[in-house]
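Work through the exercises below on charged side chains. Each task is followed by a solution in steps.

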Amino acid sequence: MIGEPSERLIEQRIRNRIYEILEILADCDAGVDLVGIKGYFNLFEDFVHRPSIEAGTSALSKDERAIVLEIAEFLEAASETNPDFTKAEFIDSDWPGKIAPTAREARALFLRRGLFSDTIEEIEPGWPAAIGAGR
């Protein structure tokens with residue numbers, strides 16, 4: 001029987017899922033078309049507002065955390081502009097165009113470190129915790 005994943009492994013997986021969502025946000029209008037208006041807002045929201053991210057104890061670096069929270073503020077501002085946006089209204093508002101450059105910057109920042117394993121704990125991407133402990 002497979003045990004429950006550790007908190008660290010969960011944090012690594014969340015960081016990887018945030019990266020995948022950044023791919024969607026970076027695609028501007030095509031990202032909205034891909035996941036729809038609800039998905040565009042909710043996918044990011046589902047992963048970002050976690051106590052570990054807000055407290056700075058997640059697998060995100062300080063800079064990654066800052067840019068992810070910046071994107072969350074963009075999305076919140078867009079939602080407050082019109083909480084009942086249709087997909088077409090949202091695209092016409094140019095919010096995706098305002099969000100996409102920051103999402104691209106965040107995506108590049110994430111890739112500087114690389115992505116974590118979804119299956120083994122790592123201190124940093126590519127550095128398994130067992131190896132890192134022996135250093």
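In which helix is E76 found? E76 is found in helix α4. Helices here are DSSP runs of H or I with at least four residues, strands are runs of E with at least two, and both are numbered from the N terminus.

The model is predicted, so local features need pLDDT of at least 70 and side-chain atom pairs count only at pLDDT 80 or more, while totals for chains, interfaces and linings use all residues. Residues are numbered from 1 along each chain as its sequence is written, and side-chain values use heavy atoms, with hydrogens and water left out.

**Exercise 1. Classify E76 by accessibility and place it in its charge patch.**

Step 1. Residues under 20% relative accessible area are buried, those over 50% exposed, and those in between partly exposed (1.4 Å probe, protein chains only). E76 has 45% relative accessibility and therefore counts as partly exposed.

Step 2. A patch takes residues with over 30% relative accessible area and no salt bridge, and joins like charges within 9 Å. E76 belongs to a negative surface patch together with E45, D46, E54, E70, E73, E80 and E105.

Step 3. Two or more residues of this patch come from each of α2 (29-48) and α4 (62-81). The largest share, four residues, is that of α4.

**Exercise 2. Describe the salt bridge of E20.**

Step 1. The criterion is a side-chain nitrogen of Lys or Arg within 4 Å of a carboxyl oxygen of Asp or Glu. Over the whole structure, seven salt bridges are found.

Step 2. E20 pairs with R17 at 2.9 Å, N to O. Both residues lie in helix α1 (residues 7-26), three residues apart, about one turn of the helix.

Step 3. E20, at 41% relative accessibility, is partly exposed, and R17 is partly exposed at 22%.

**Exercise 3. Trace the salt bridges of R113.**

Step 1. R113 forms a salt bridge with E64, with the closest N and O atoms 2.7 Å apart. This pair links distant parts of the chain, since E64 is in helix α4 and R113 in helix α6 (residues 95-113), 49 residues apart.

Step 2. E64 is buried, with a relative accessible area of 0%, whereas R113 is partly exposed at 22%.

Step 3. R113 also meets E124 in a salt bridge of 2.9 Å, N to O. E124 lies in strand β1 (residues 122-124) and R113 in helix α6, so this pair ties together parts 11 residues apart in sequence. E124 is partly exposed, at 31%.

Step 4. A network of salt bridges links R15, E64, R113 and E124.

Definitions and conventions
Patch = residues over 30% accessible without salt bridge, like charges linked within 9 Å, V, L, I, M, F, W, Y side chains within 5 Å. Areas by Shrake-Rupley, 256 points an atom, 1.4 Å probe, with all protein chains shown as cover. Lys, Arg positive; Asp, Glu negative; His and termini not counted. Charge placed at Lys NZ, Arg CZ, Asp CG, Glu CD.
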